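Got your viewer open? Let's take a walk through this structure one selection at a time.

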Amino acid sequence: MRQRLSASDVFHRVVDCIVRRDGGSGNLGQLRLRLRLPLADRAVDDLARAWAAAGQEAWILGASSGAGLRGAFWRMRGPARLRCERSIASLTALADGHLAGGLDAARGDLVRLGYASDLHDPGVVLTWNHQLADARGMQSLLATLPRLAHGARLGQRWWEGAYRSDAEVPADPAARGRSARAAVDVLRPLRKRGMLRATGAQRNAALPLRLASIALGDEDTARCDARQRAATGRFSELPFLLAGVAAALESICGVGGDLLFPVAVDQRQLPDERLLANHHGFLMLGLAGGLATADLGEAGRALKSAHRTWVGTGATAKLLSAISWFPWTGSWFARYQLGFGRSGLAASCLVSNAGRTLLPERWFGGEVQGVDHAVALPGNPGLAVLFHRDARGLGFDVVVSGQLGERLRPTDFAQAVRHQLIERPFPGAP
Amino acid sequence: MTSLPIADAVYTALARQLNLPQAQLRARAGEGLDALGLDSHGLMRVLLEIEQTLGLPAGGLDLPDQALESPATMVEGVAAAART
């Protein structure tokens, strides 16, 4: 059985190739579910049974990706044989090992689940190749596992063509073609815009990955929310977070030119039951160099305006149409997002905001502290910041790859972002 | 008091974004927009659709925070913005 890759899948397939070219282990996403205490033995057995049941039902979890004259496709030959790994190591060690080990989509290695029983750092790690699905989909899969252990079905219609289709992209080929051609108007000005922070000619490697995670807690989250409201208003969290990242970058690296943020945004229309697919669009938001350093609030409003302009031109739909229409567009856009191979912070940094974590407070009988995110990213730009919310409040994970991690330590950068979001004064801040 | 076309424009745009039947959305007009599933990206799309439907200048619909509490307050907010 075959199924065509969606435009989002194609984008992630290109990124997967770039990560491997940079010596990395593929385009991986990862969820680190942190438990307060290890699970009971019986609960671990339930988890393993549920994971195996998911693979039996959803063949897509074991699909291999290939390419032919009509484009890239998924090939599914039968149920995915999924096994839950059990380790006495810490969750951090187990998860780091998954990231370094990689998952090869061409061989049907798409997902990996591990349980770490270390008393001081217990939890479950789910690692997946991003060609398969986005983080919100995989969170939903984790949330569904306890029901599968008791005989429920996943209920995913993964074999249907529409299952992977991108929201906003016209289904009619003629309309999609027109939308794709219109993407040129979106891409042309981006190309003229100077790429950001090209810091030299040497290439950065995709490995090793260095990570740091921060959860703000209730008090600091409330403070951050109040400051965000004052700066950008309701429903405008993302621009403020981006402004904080921009100011942190400039505080550490200096003001070196305009900044450009490649951002992934959720395109799921709730209730969306298509868990095992990518359903997000792409934003490219520019910010004048030095603005975030001068005034955090003003930078947030400028990014909000850029977001609105991007949405107003229908750029997300046009780009996805173009990626699914012209074979070269996905590759060009991915390379553009990643700075065309320039070193250091050439494309600023990759940012995502996954929003509120979908997992319940208790999972297989264990108390969930929170869920940290991680990615394996290309050597350029070699930096990613992943925002999310859970019981610990607003949190974010910083991932730095290769030699960049020696100059820009993720812990330092995470602290710099935290300072910008909750401490640094700006006009109008409460 | 808001005019009917404004309310229709707001509920149509919101219903499309939230993937809800319009009648159901009107019945839940007092509920929080975030509880209904709206996010920042979705709000952008809703505001742009309302601007286009009502023929307002592009980018001119900048609603205050209190207008973004619920579908009902959004109708009031858009009506106030359209008057100015």
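One term before we start: a residue counts as buried if 20 or more other C-beta atoms lie within 10 Å of its own. Keep in mind, too, that this is a predicted model.

**Stop 1: the whole of chain A.** Select chain A and hide the rest for now. By the rule above, buried residues make up 55% of its 430 residues. Switch to a cartoon view and you can go looking for 13 helices and 15 strands. The radius of gyration of chain A is 21 Å, close to the 22 Å that the globule rule gives for 430 residues, so the chain is as compact as a globular protein of that length. Want a feel for the dimensions? Along the principal axes, the C-alpha atoms fill a box of roughly 55 × 55 × 40 Å. Now think about which parts of the sequence meet: of the contacts in chain A between residues at least 6 apart in sequence, 79% join residues at least 24 apart.

**Stop 2: strand β14.** Next, select residues 383-390 of chain A. Is this strand enclosed or open? Here 8 of the 8 residues are buried, so β14(A) is largely enclosed by the rest of the structure. Show the side chains as sticks. In a regular strand, side chains alternate between the two faces of the sheet. On one side of β14(A), pick out A:L383, A:V385, A:F387 and A:R389, and on the other A:A384, A:L386, A:H388 and A:D390; all of them are buried, and both faces are covered.

**Stop 3: the strands paired with it.** Keep β14(A) on screen and add residues 350-356, which are strand β11 of chain A. These two strands run parallel, with 5 bridges joining them. For a landmark, find A:L350, which stands opposite A:A384. Then add residues 393-401, strand β15 of chain A. This pairing with β14(A) is antiparallel and has 8 bridges. A:L383 has A:V400 as its bridge partner in β15(A). Follow the backbone from β14(A) to β15(A) and you'll trace a hairpin, with 2 residues between the strands.

**Stop 4: where chain A touches chain B.** Bring chain B back. How many residues of chain A are in contact with chain B? There are 16, and they meet 14 residues of chain B. To see where they come from, select α7 (237-253), β9 (259-266) and α9 (296-312) of chain A: these are the elements giving two or more residues to this side. The largest share, 4 residues, comes from α9(A). Finally, colour the side of chain A that touches chain B by class, and you'll get 5 nonpolar, 6 polar and 5 charged residues.

Conventions. Residues are numbered from 1 along each chain as its sequence is written. Chains are lettered from A and ligands numbered from 1 in the order in which they are written. This is a predicted model: local features need pLDDT of at least 70, side-chain atom pairs count only at pLDDT 80 or more; totals for chains, interfaces and linings use all residues. Two residues are in contact if their C-beta atoms, placed from the backbone, lie within 7 Å. Ala, Val, Leu, Ile, Met, Phe, Trp, Tyr, Cys and Pro count as nonpolar, Asp, Glu, Lys and Arg as charged, and the others, Gly among them, as polar. The radius of gyration is taken over C-alpha atoms; the globule rule is 2.2 Å times the number of residues to the power 0.38. A residue is buried if 20 or more other C-beta atoms lie within 10 Å of its own, exposed if 12 or fewer, and partly exposed in between; C-beta atoms are placed from the backbone. Two strands pair if DSSP finds at least two bridges between them.
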